[in-house]
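Thanks for coming. I have one structure to go through today, so let me put it on the screen.

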Amino acid sequence: MRCLYNEKAHDLGVTCCDISSNPVSVLSDIENGFKYFQMASCGQDNQIKLWLILFADFLGVELKYKCTLNGHSAPVLACAFSYDGQMLVSGSVDKCVIIYETSTGNTLRTLSQHTRYVTTCAFAPHSHLLATGSMDKTVHIWQLDLKQPSAGNIVETESKVAVEDWSEDDVSAWLCAQDLADFVGLFKMNNIDGKELLNLTKEGLANELKIESLGLRSKILQKIEELRMTMISVSVPVPDEFLCPITRELMKDPVIAADGYSYEREAMEHWISNKRRSSPMTNLPLHSLMLTPNRTLKMAITRWLETQQKC
């Protein structure tokens with residue numbers, strides 16, 4: 001095996017790339033009969049870049065830059081072409097999945113049901129089925145209907161409205177996005193709007209809404225807490241030292257790695273489990289894979305959260 005081409009593609013690390021299985025024609029080269037394969041690369045610079053690869057006996061391998069696709073607000077971890085090369089899907093640390101039209105670079109859909117960063121995505125061959133996987137431990141299977149707005153777009157639009165101002169229908173849309181659709185009728189029956197949602201407690205779920213299952217009550221409260229965290233991060237800039245360098249999310253269980261930097265434990269363990277032995281921050285080798293709890297930082301984050309919630 002030999003390397004045919006070497007090209008610097010991104011300003012920061014490249015996290016994934018994919019090559020379309022179907023070649024395309026380029027207008028300027030139609031008369032020469034050249035066929036190009038599309039390649040997509042994504043990286044820690046929040047960008048996706050499209051390239052054209054030409055294989056020709058007398059030219060060797062030629063790589064042409066086509067365009068940059070924007071839309072993600074955090075490092076992009078995965079990308080994949082549809083079976084016909086007409087669409088490209090990407091997943092990111094910003095928890096979103098974006099589907100692009102490759103010919104124009106336009107965004108076709110933004111899906112935001114995952115609650116943690118999206119690590120993988122793939123189209124089914126000869127079908128508009130899409131699978132996405134996330135650090136929230138879920139896999140989602142999507143049936144693409146490009147003529148209808150997706151639930152992801154609806155939820156994303158509603159989330160731009162202050163949660164306190166959500167209507168009962170907005171709460172219902174949020175429940176569906178959190179895989180809690182079974183509770184839509186119950187919440188509507190009790191007139192739960194955005195303000196009521198944020199004020200729900202364990203006792204309220206048990207005594208007023210009559211949800212008997214402790215597991216379900218815990219799941220609902222966890223989703224509400226995540227919603228509160230999102231409100232804080234949107235309304236108040238989170239100090240950079242509280243954000244995990246890998247996920248760019250507020251850390252819950254910070255640990256110190258051998259490079260001296262602090263990371264979210266789950267993110268760093270995932271980094272190491274993928275047989276990465278270099279620092280996410282410096283790219284230098286890690287002399288040890290030991291992770292030490294950063295209790296001082298965890299206490300500082302807890303105090304900051306308490307202050308924001310009081311405000």
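I will take the overall make-up, then one helix, then one pocket.

This is a predicted model, in which local features need pLDDT of at least 70 and side-chain atom pairs count only at pLDDT 80 or more, while totals for chains, interfaces and linings use all residues. Residues are numbered from 1 along each chain as its sequence is written, and side-chain values use heavy atoms, with hydrogens and water left out.

The protein has eight helices and 14 strands; these are DSSP runs, H or I of at least four residues for helices and E of at least two for strands, numbered from the N terminus. Of its 311 residues, 42% are buried, meaning under 20% relative accessible area with a 1.4 Å probe, protein chains only.

Now helix α2, residues 168–177. Seven of its 10 residues are buried: Asp170, Val171, Ser172, Ala173, Trp174, Leu175 and Ala177. After α2 comes Asp179, with a positive phi near 60°.

Next, the second largest pocket. A pocket here is an open set of points on a 1 Å grid over the protein atoms alone, where a 1.4 Å probe fits, with protein on both sides within 12 Å along at least five of seven lines; lining residues have an atom within 4 Å of a point. Which residues are the closest to its centre? Of the 26 that line this pocket, they are Gln44, Pro245, Ile246, Trp271 and Pro280. Helix α7 (265–273) gives the most to the lining, with three residues. Strand β1 (14–19) supplies at least two.

Note on methods:
Buried means under 20% relative accessible area, exposed over 50%, partly exposed in between (1.4 Å probe, protein chains only).
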